[in-house]
Amino acid sequence: MNILQRKKRNRKFKTREDVIFDTCNVIFMLVLSVIMLYPFLNQIALSLNAASDSVRGGIYLWPRQFTWNNYEYVFSQASIIQGIIVSVARTVVGTALGVLCTAMVAYAIAQEKFIFKKSITIIFIMTMYFNGGLIPTYLLMRDLQLIGTFWVYILPGLISAFNLIIMRSFIEGIPKSIFEQARIDGAGDFRVFFQIVLPLSLPVLATVSLFLAVGQWNQWFDVFLYNSSNASLTTLQYELMKVLQNTATSNADWNSALASGEHTDNSVTPKSIQATMTIVASLPIICVYPFLQKYFVKGMTLGAVK
Amino acid sequence: MQAHSKLNSASSEALHQEEKGLKPFLKKCKSQRALLLMTIPFVIWVLVFRYLPVWGWTMAFQDFKPARAFAEQEWVGLKHFIFLFQDERFLLVLRNTLAQSVINLILGFVTAIGLAVLINELANMKFKRVIQTISYLPHFLSWVVAAALVSSVLSMDGIINEILLALNLIDSKILFLGVGEYFWGILAASDVWKNVGWNTIIYLAAIAMIDQEQYEAAKIDGASRLQRIRYITIPGMKQVIVILLIMNIGYIIEAGFEAQYLLGNGQNMEYSENIDVFVINYGISMFNFSLATAAGIFKTVISLIFLIAANSFAKKMGQGGLY
């Protein structure tokens, strides 16, 4: 109430300096939005424009010769369809398992009476400060026979110390009396966890799920490292990465081939494929994150304060 | 027989003495078995997946051959470390790591604080929310997508070349990613573009904690908008700024590898290759596991020194430290 009143009063007494400042600020924010969004919008326009026409340049925010050709081509590639399936699978499985395991450990180390509360917390937090490094980790995966399997995407990143701390802080904030009452009624820790703590922790579960899902969906390096020779375990990001690594050279080849009339079918070019895959690889996240803004802002603040 | 029973009683006596500490402990374990069941599997997990690889550091002191058993590996002492510091390529890599980190740190810091202050000054709540949502967007994109966008914007027929040409700032188009000298700048700009919005979250939270009465009082005293920012908003963020600065200095050597790896190419390698990319290039592409691990250990040790120093500094400054 107070703030609202103040806001109204402020608006009444706008000085000239205020007007200049606000105008400049709004203009700056609009320019910033353009910088943030342009690269992405440009790729949308390119992906919806006929590839043979895009070569001429001059595509900015709107397609000149509208077509779904690029999407049809991309979705007709077996490797990309496989990549989408594996990407979705790892995102769903990795997020569900990760959030459940993180919550379980977080619940245990949030209990005052737990005898290993301190030591387990330290064991996990220590992992924020060092890691074995690329090669030793690679050899461990080899020795555990995880290379060439789907589980190499899930198991190594099951619990992150950062997410664990966010969740622990949240669970510690739940009033103790709720647990006590359930325990007096004879509920064990598993029942308290599943029937009381999980439903009460939805905001933090949403935050951590978003972090995990984004991490899984965006990951490409573990595919490159462990499963690059296994076509059935490729992911969308990895396919895009391969296109990206080849585009610089293949664009030139393609153009010279076009010029010499070698390619009669010029319905797609590496550039248009790259643009289309970029959109396909990022659209799912872009459709989801704005709705979770309230949660992840809170989660970030909570995690940083602790 | 007698001896046996004697031994038995002696050992039970010893047990009895221990039981004073052990029995209540076991009893507690039993009563908390649900909590133990919830954590033990994951403690084993963290020990295997996070702690066990550290054992692999031994291979930096060997001429490691993957096919051989541990006992058959040939120990070579500090050979690989000595090689690294005599290798001109590694010295370039060190320079790149430091330069990239310092530039990213300073630029990332200043832009995030500046943007947070400006977002806070927006009066229209709806507009403010939209701007925040837009500024978070690049953070959620993968580095693969971000690299695709950056290289497209910077390509010969990209928008940057067209704008510079139209403004007559350049005479002919530039292949930006093909010029090594531009790489650090491109990297820092990409990093700011990707993360500046996300990094404002914490500063905006700090600004929200500032007592609104201070602004009112300053206004009555005739303080201008800029003066209010200078004397109320920025000092109000001071504590968070100091903590984050120390934390970031602790992580300074962790400049990441994705952007460097994905935007790097043969032409800009002299400026793009940092320690992490070096490890990938030597370890994965050339199978020189020992040398790559030595470089990795070097990085981890430096990073730990920075972190511990930053943390004890934070504690001395009365900021509580990070752990």
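## A buried pair within chain A

Asp222(A) and Arg90(A) are both buried in this predicted model. Their side chains form a salt bridge, with N and O 2.8 Å apart. Since Asp222(A) belongs to helix H12 (residues 221-226) of chain A and Arg90(A) to helix H5 (residues 78-109) of chain A, the pair ties together parts that are 132 residues apart in sequence.

The setting for this pair is a chain with 15 helices and 0 strands. Chain A has 306 residues, and 50% of them count as buried. Among the contacts in chain A with a separation of 6 or more, 70% come from residues 24 or more positions apart.

## A pair within chain B

Chain B offers a salt bridge of its own to look at: the side chains of Arg89(B) and Glu273(B) meet at 2.6 Å, N to O. Arg89(B) sits in helix H4 (residues 88-120) of chain B, while Glu273(B) is in the loop between helix H13 (269-272) and helix H14 (275-285) of chain B, so this pair ties together parts that are 184 residues apart in sequence.

The two partners differ in how they are covered. Arg89(B) counts as partly exposed because its relative accessibility is 23%, whereas Glu273(B), at 3% relative accessibility, counts as buried.

## Charges across the interface

Side chains of opposite charge can pair when their charged atoms come close. A search of the whole structure finds 16 salt bridges over all chains, and the count between chain A and chain B is 3. One of these links Asp18(A) to Arg225(B) at 3.0 Å, N to O. The pair crosses from helix H2 of chain A to helix H10 (residues 225-236) of chain B. Is Asp18(A) buried or exposed? Asp18(A) is buried, because its relative accessible area is 8% and the cut-off for buried is under 20%. Arg225(B) likewise counts as buried, at 8% relative accessibility.

Arg225(B) also meets the side chain of Asp22(A) in a salt bridge, at 2.7 Å from N to O. Through shared partners, salt bridges join Asp18(A), Asp22(A), Glu121(B) and Arg225(B) into one network.

## The wider contact between the chains

Stepping back from the charged pairs, the contact takes 91 residues from chain A and 88 residues from chain B. Together the two chains bury about 8300 Å², with 74% of that on carbon and sulfur atoms. On the chain A side, the residues that lose the most area to chain B are Met36(A), Tyr129(A) and Ile135(A), which together make up 9% of what that side buries.

Polar contacts are found here too, with 22 residue pairs across the interface, both partners at pLDDT 80 or more. Helix H2 (residues 16-47) of chain A gives the largest share of the side of chain A that touches chain B, 19 residues. By class, that side has 62 nonpolar, 19 polar and 10 charged residues.

For a close look at one spot, try Thr39(B), in helix H2 (residues 33-51) of chain B. Thr39(B) counts as buried because its relative accessibility is 1%. Its contacts include Val105(A), Ala108(A), Phe114(A) and Ile120(A).

## Confidence in chain B

Chain B has an average pLDDT of 87, and 92% of its residues score at least 70. Where in chain B is confidence lowest? That is helix H1 (residues 2-31) of chain B, with a mean of 61, while helix H5 (residues 125-140) of chain B has the highest, at 95. Over residues 5-18 of chain B, pLDDT stays under 50, and the model has 0 contacts beyond four places in sequence for this stretch.

Terms used. Residues are numbered from 1 along each chain as its sequence is written. Chains are lettered from A and ligands numbered from 1 in the order in which they are written. Side-chain values use heavy atoms; hydrogens and water are left out. Contact means heavy atoms within 4.5 Å. Buried area is the accessible area (1.4 Å probe) that two parts lose on being put together, summed over both. A salt bridge is a side-chain nitrogen of Lys or Arg within 4 Å of a carboxyl oxygen of Asp or Glu. A polar contact is a pair of N or O atoms within 3.5 Å; within protein, one must be able to donate a hydrogen and the other to accept it, and residues adjacent in sequence count only if both atoms are side-chain atoms. Helices (H or I, at least four residues) and strands (E, at least two) are DSSP runs, numbered from the N terminus. Ala, Val, Leu, Ile, Met, Phe, Trp, Tyr, Cys and Pro count as nonpolar, Asp, Glu, Lys and Arg as charged, and the others, Gly among them, as polar. Buried means under 20% relative accessible area, exposed over 50%, partly exposed in between (1.4 Å probe, protein chains only). pLDDT is the predictor's confidence in each residue, from 0 to 100.
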